[in-house]
Amino acid sequence: MKNRVAIQGYIGSYHHEAANNYLGNDIEIVECDTFKTLAKSLTKGKVDTAIMAIENTIAGAILPNYALLTKYNLKVVGEIYLSIQHQLMVKKGQTLDDIKEVRSHQMALLQCDKFLEKHPTWRVVNDIDTALTAKDIIEQDLNDVAAIASRKAAEVYGLDILASSIQTFQDNFTRFFVLQREHNDYEDFNKVSMRFSVPHKAGALVDVLNQIAECGINMDKIQSVPIIEKPWEYSFHIDITFEQKEQYYELLGKIARKLTDLEILGEYKLGKK
């Protein structure tokens with residue numbers, strides 16, 4: 001039986017591309033309209049794995065997704081770094097001169113603003129998903145509409161790419177979490193994602209960060225997330241990498257009494273950037 005994989009969005013989306021890059025092509029993609037639907041699908045056992053975008057080098061962190069990890073008890077078993085290359089695509093036989101309207105997700109449109117400025121006569125339309133705009137061109141037989149989406153979307157829906165890599169900043173990457181219901185028992189993991197809280201007093205967070213440094217551990221990321229039931233207090237999501245697992249275990253021993261809450265979200269292998 002194929003691995004059932006939930007993605008946010010539609011077949012041909014960047015989530016789909018990330019899933020294939022990590023898990024291969026022999027999987028069954030399950031489309032989810034929202035990240036919350038994705039999280040519920042995994043928790044209820046409707047899928048085996050889920051792919052969730054967590055941050056982008058331009059747009060930053062997707063804060064609501066951090067909350068979903070804890071709310072639905074999702075476990076990180078891997079990560080994917082995907083280069084986001086936006087393509088301008090149309091129905092076969094169409095040319096740049098035929099285009100009157102361009103559709104895509106709002107973020108993709110913003111990331112391609114310099115290219116779009118070169119075509120001021122085009123009407124720019126926000127849509128809910130990059131791949132859906134490509135799909136609509138075929139299903140609705142649109143002759144004067146272009147989509148901005150992934151190369152995979154063009155392949156899936158049989159569209160012609162008229163302009164490649166049209167994003168303003170070429171170094172545009174999205175990081176995705178690979179999620180499952182249970183932790184994977186990796187023997188050689190070298191990265192950990194965790195969430196913790198500290199007492200609401202001066203120096204509490206600095207004390208924890210100093211312990212990370214003293215253990216020779218690199219902190220790749222720290223993200224504060226509001227604690228809803230405690231106004232003006234925050235929990236912290238961090239990603240740490242290390243050469244030896246003993247460094248990580250030493251850290252846990254040192255910080256255990258300094259924290260008011262600790263959740264290990266995942267122990268996994270560092271993704272390739």
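How much space lies in the largest pocket? In this predicted model, the largest pocket holds about 540 Å³ of space. A total of 24 residues line the largest pocket. Those closest to its centre are His15, Ala53, Ile62, His105 and Met107. Several elements give two or more residues each to this lining. The helices among them are H1 (14-23) and H4 (106-111). The strands are E3 (49-56), E4 (60-61) and E11. By class, the pocket lining has eleven nonpolar and eleven polar residues. Two charged residues complete the lining of the largest pocket.

Enclosed space was examined next. The count comes to one cavity of 30 Å³ or more. The volume of the largest cavity is about 40 Å³. Its lining is made up of Tyr66, Arg175, Phe177, Ser193, Met194, His237, Ile238, Asp239 and Leu265. Three strands give two or more residues to the lining of the largest cavity: E11 (173-180), E12 (191-197) and E14 (234-241). Strand E14 gives the most, with three residues. Five residues of the cavity lining are nonpolar. Two are polar, and two are charged. Strand E11 gives two or more residues to the lining of the largest cavity, and E11 also gives two or more to the lining of the largest pocket.

The packing of two helices was then described. Helix H8 spans residues 204-214, and helix H9 spans residues 245-255. The two pack at an angle of about 155 degrees. Their axes lie 9 Å apart. Angles over 145 degrees count as roughly antiparallel, and H8 and H9 are therefore roughly antiparallel to each other. The crossing of H8 past H9 is right-handed. On the H8 side, the contact involves Val208, Gln211, Ile212 and Glu214. These residues meet Leu251, Lys254 and Ile255 in H9. By class, the contact of H8 with H9 has four nonpolar residues, one polar residue and two charged residues.

How values were computed. Residues numbered from 1 in each chain as written. Predicted model: local features only at pLDDT ≥ 70, side-chain atom pairs only at ≥ 80, totals over all residues. Heavy atoms only, no water. Axes fitted to C-alpha atoms, helices over the stretch in contact; angles between N-to-C directions. Helix = DSSP H or I, 4+ residues; strand = E, 2+ residues; numbered from the N terminus. Parallel < 35°, antiparallel > 145°, perpendicular 65-115°, else oblique. Left-handed = near helix turned anticlockwise from the far one by under 90°. Contact = heavy atoms within 4.5 Å. Nonpolar A, V, L, I, M, F, W, Y, C, P; charged D, E, K, R; others polar. 1 Å grid on protein atoms, 1.4 Å probe; cavity = no way out; pocket = protein on both sides within 12 Å on 5 of 7 lines; lining within 4 Å. Points joined across faces, edges and corners; volume = space filled by probe spheres on them.
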